[in-house]
Protein chains: 2
Amino acid sequence: MSDAHVPAPTSRREQILKEAARLFAERGFHGVGVDEIGAAVGISGPGLYRHFAGKDAMLAELLVGISERLLAGGRMRVEEGGDSPAAVLDALIDGHIDFALDDRPLITLHDRELDRLREADRKRVRQLQRQYVELWVEVVRRVHPGPSESRARAAVHAVFGLLNSTPHLGRPGSLPGRTEMAELLHRLALGAFGAVDAEVEGAVVEGVAASRRAG
Amino acid sequence: MSDAHVPAPTSRREQILKEAARLFAERGFHGVGVDEIGAAVGISGPGLYRHFAGKDAMLAELLVGISERLLAGGRMRVEEGGDSPAAVLDALIDGHIDFALDDRPLITLHDRELDRLREADRKRVRQLQRQYVELWVEVVRRVHPGPSESRARAAVHAVFGLLNSTPHLGRPGSLPGRTEMAELLHRLALGAFGAVDAEVEGAVVEGVAASRRAG
DNA sequence: AAATGAGGTTAACGCCCATTAACCCGCCTG
DNA sequence: CAGGCGGGTTAATGGGCGTTAACCTCATTT
């Protein structure tokens, strides 16, 4: 999970990153000016250059950071709950939900502004993302051995979309609070995964039966 | 409002919109220049202003257009298959999947660049989106009467996230082809909705039982 | 007490880019 | 064949914005 338990210097740097993340998520990387970011932390304009090489550097640090933390968290959960695959999947889902609910701006940036990065950073982020996906795919396939790998991977992508849907919410009040939301998302994710190999009543789909035989 | 109901010449204008959509989705609204859009359709630069009032106008027309078509399509399906709620939900899901799979750029823009619109257009788009969501909520609640309205709405949002996940795909080849993908997404969506009120084995959640009694 | 450096400030520079001006050409109508 | 006018072109304009320069001021160190 997050390292919130460590007091953390909460230095300028981090404060800036936090505000920048919020602003980037709200109005897009190109849509927010350096002056705005500065204003958000009380200093103004080029003062940011004492802490970062430039606007791009902030985005890069944000995206690499989030990807690393997601992957690290996922690996931790996989190692810890080694007994039951289903329990591991539960843990992965909960972890991702915590992330989506607590760090909305970052989740948003994660798949919105990736292409604004320099080649090197972008490759690194993509690699981390891929590893995270594959982590999930392995666990999902242990719980649901039926479907082919490509189906499992597609399902994982889709469930990420589901879990990351919280940023796109409507007006507050029309939706459940955080704890109920977390529980609901968990259910939805499990329900989706469960449907990957389940035969929809009455209509057995060829591909599924075939891949199950091929196992 | 738009004069889209007129058959439409299918000419320049639409060609421009199509390319603009692609570019906006790829690099973001602020990330793509007018000259690029022009180049994509063979003319260059300010020639676009013979067809649109400005860059903003293109985005506005794209977003309003997509929202209107989604809502119109949804309403049509609801009216047509009036017999079984489950059948209507199936139709809604299929319709949305077709959209997500065929008009990826638009789906992306749909929830990425909404805030770049002028107040009036943005309000219109949001209203259309809300109506579309409520359409789904009603149908879902007919199929799954248990959960509260806010839960149903959250579930709909989440399933949208699931269905719209296709743009974020990895490298081609690691994922199923279009027809298998459509079938898989349909299953996942149904599985998710089915899990909204299903009691996860062993653990009955208070809220669900309560809202079911309250009907 | 002088020196240093971290962290700010405002002013200036320069590029990018949307939009506008001014001008052009070919078609279709009268 | 005159005259619009739809659809383009290139050049100019002007604002926004990232980045750099030059300068300031405390703390802390020596």
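**Exercise 1. The surface near DNA strand D**

Work out how the residues of the surface near DNA strand D divide by class in this predicted model.

*Solution.* Start with the residues around the strand: there are 15, and Val34(A), Tyr49(A), Arg12(B), Arg50(B) and His51(B) come nearest. Next, sort the surface by class: six residues are nonpolar, five polar and four charged. To place some of these names yourself, recall that Val and Tyr count as nonpolar, while Arg counts as charged.

**Exercise 2. Phosphate contacts of DNA strand D**

Find which atoms of Tyr49(A), Ser44(B) and His51(B) lie close to a phosphate oxygen of DNA strand D, using a cut-off of 3.5 Å for N or O pairs.

*Solution.* Take the side chains to begin with. An N or O atom in the side chain of Tyr49(A) is 2.4 Å from a phosphate oxygen, and one in the side chain of His51(B) is 2.7 Å from a phosphate oxygen. Now turn to the backbone: Ser44(B) has a backbone N or O atom 3.1 Å from a phosphate oxygen.

**Exercise 3. Over to DNA strand C**

Describe the surroundings of DNA strand C and its phosphate contacts with chain B.

*Solution.* Begin with the neighbours: 15 residues surround the strand, and the closest are Arg12(A), Arg50(A), His51(A), Val34(B) and Tyr49(B). Then look at the strand itself: of its atoms within 4 Å of the protein, 55% belong to sugar or phosphate and the rest to bases. Finally, check the phosphate oxygens. The side chain of Tyr49(B) places an N or O atom 2.4 Å from one. Polar backbone atoms take part too, at 2.7 Å for Val34(B) and 3.5 Å for Val32(B).

Terms used:
Residues numbered from 1 in each chain as written. Chains lettered and ligands numbered in written order. Predicted model: local features only at pLDDT ≥ 70, side-chain atom pairs only at ≥ 80, totals over all residues. Heavy atoms only, no water. Near = heavy atom within 4 Å. Polar contact = N/O pair within 3.5 Å; in protein donor to acceptor, adjacent residues only side chain to side chain.
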